[in-house]
Amino acid sequence: MRIVIQRVSQASVTIAGKTKSAIGQGYVVLLGIGSDDTKEDANWLVKKTCSLRVFDDPDGVMNLSVRDVDGDIIVVSQFTLMASTKKGNRPSWIKAAPHDISIPLYEYFCQALTHELGKPIGTGEFGADMKVQLVNDGPVTICIDSKNKE
């Protein structure tokens, strides 16, 4: 499982001209699910997401988590995070999980994140053509792969 976390001052997801989710301060999390991913991957990423200290404390040091600042989160499914660009110039999506694996894991990730954060999160819509707008605060963008825990 791969995620891209973007610290935002505001963000929204729009589908067919209608706002599905909108937040102020917090994260936009782009989530890519591979065919070999499991709930263990999701659980590890959920804990990492909620504990990551990338918000400024009163001294201007990135020392606070999204929980510490009472931030919000939007999770957007993004199979393109699983792209392989090893050969040629057209990405391969062979590592992306099929819908029968990815949809339940996306839903599980969102539920686990809601539980860990202690409040509802925003979402996109799996498989929809979404317009994601955000103001990346910092900018701060962190990439995390559950198969490469560094």
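Phenylalanine 55 sits in strand E4, which covers residues 55-56; strands (E, at least two residues) and helices (H or I, at least four) are DSSP runs numbered from the N terminus. The structure is a predicted model, in which local features need pLDDT of at least 70 and side-chain atom pairs count only at pLDDT 80 or more, while totals for chains, interfaces and linings use all residues. Residues are numbered from 1 along each chain as its sequence is written, and side-chain values use heavy atoms, with hydrogens and water left out.

With a relative accessible area of 2%, phenylalanine 55 is buried (buried means under 20% relative accessible area, exposed over 50% and partly exposed in between, with a 1.4 Å probe and protein chains only). Its contacts, defined as heavy atoms within 4.5 Å, were listed without the neighbours within four places in sequence, and they include Arg7, Gln25, Gly26 and Tyr27. Val61, Met62, Asn63, Leu64, Ser65, Val66 and Val69 also touch phenylalanine 55. Threonine 38, by contrast, is 17 residues from phenylalanine 55 in sequence, yet the two C-alpha atoms are 29 Å apart in space.

One of these partners, serine 65, belongs to the loop that runs between strand E5 (62-64) and strand E6 (72-77). Serine 65 is likewise buried, at a relative accessible area of 5%. Residues up to four places away in sequence aside, serine 65 is in contact with Cys50, Ser51, Leu52, Arg53 and Phe55. The loop between E5 and E6 also holds aspartate 70. Aspartate 70 is exposed, with a relative accessible area of 57%, and has a positive phi of about 55 degrees although it is not a glycine.

A second residue of this kind is alanine 16, where phi is near 50 degrees, a positive value in a residue other than glycine. Alanine 16 lies in the loop between strand E1 (2-15) and strand E2 (18-23), and its relative accessible area of 77% makes it exposed.

Strand E8 (residues 130-145) contains proline 139. The peptide bond joining glycine 138 and proline 139 is cis, with omega at about -5 degrees. Valine 140 is placed in strand E8 as well, and is buried at 7% relative accessible area. Valine 140 and glutamine 6 are 134 residues apart in sequence, but their C-alpha atoms are 5.8 Å apart in space. Beyond residues up to four places away in sequence, valine 140 touches Ile5, Gln6, Arg7, Val54 and Met62. Arg7 and Met62 thus recur from the contacts of phenylalanine 55.

Aromatic pairs were searched for over the whole structure, and 3 were found. In one, phenylalanine 79 and tryptophan 93 have ring centres 5.2 Å apart and planes at 75 degrees, so the pair is edge-to-face. Here, rings of Phe, Tyr and Trp (its six-membered ring) pair if their centres lie within 6.5 Å, and planes under 30 degrees apart count as stacked, over 60 as edge-to-face and the rest as tilted. Both residues lie in the loop between E6 and helix H2 (99-117), so the pair ties together parts that are 14 residues apart in sequence. Phenylalanine 79 is partly exposed at 48% relative accessibility, and tryptophan 93 is partly exposed at 36%.

Turning to the chain as a whole, the secondary structure comes to 2 helices and 8 strands, in the sequence order β-β-β-α-β-β-β-α-β-β. The radius of gyration is 15 Å, which agrees with the value near 15 Å for a compact globule of 150 residues; this radius is taken over C-alpha atoms, and the globule rule is 2.2 Å times the number of residues to the power 0.38. Along its principal axes, the C-alpha trace spans about 45 × 40 × 30 Å.

Of the 150 residues, 43% count as buried. Among contacts with a separation of 6 or more, 73% are between residues 24 or more positions apart. The accessible surface comes to about 8,400 Å², 49% of which belongs to carbon and sulfur atoms, as computed by the Shrake-Rupley method with a 1.4 Å probe.
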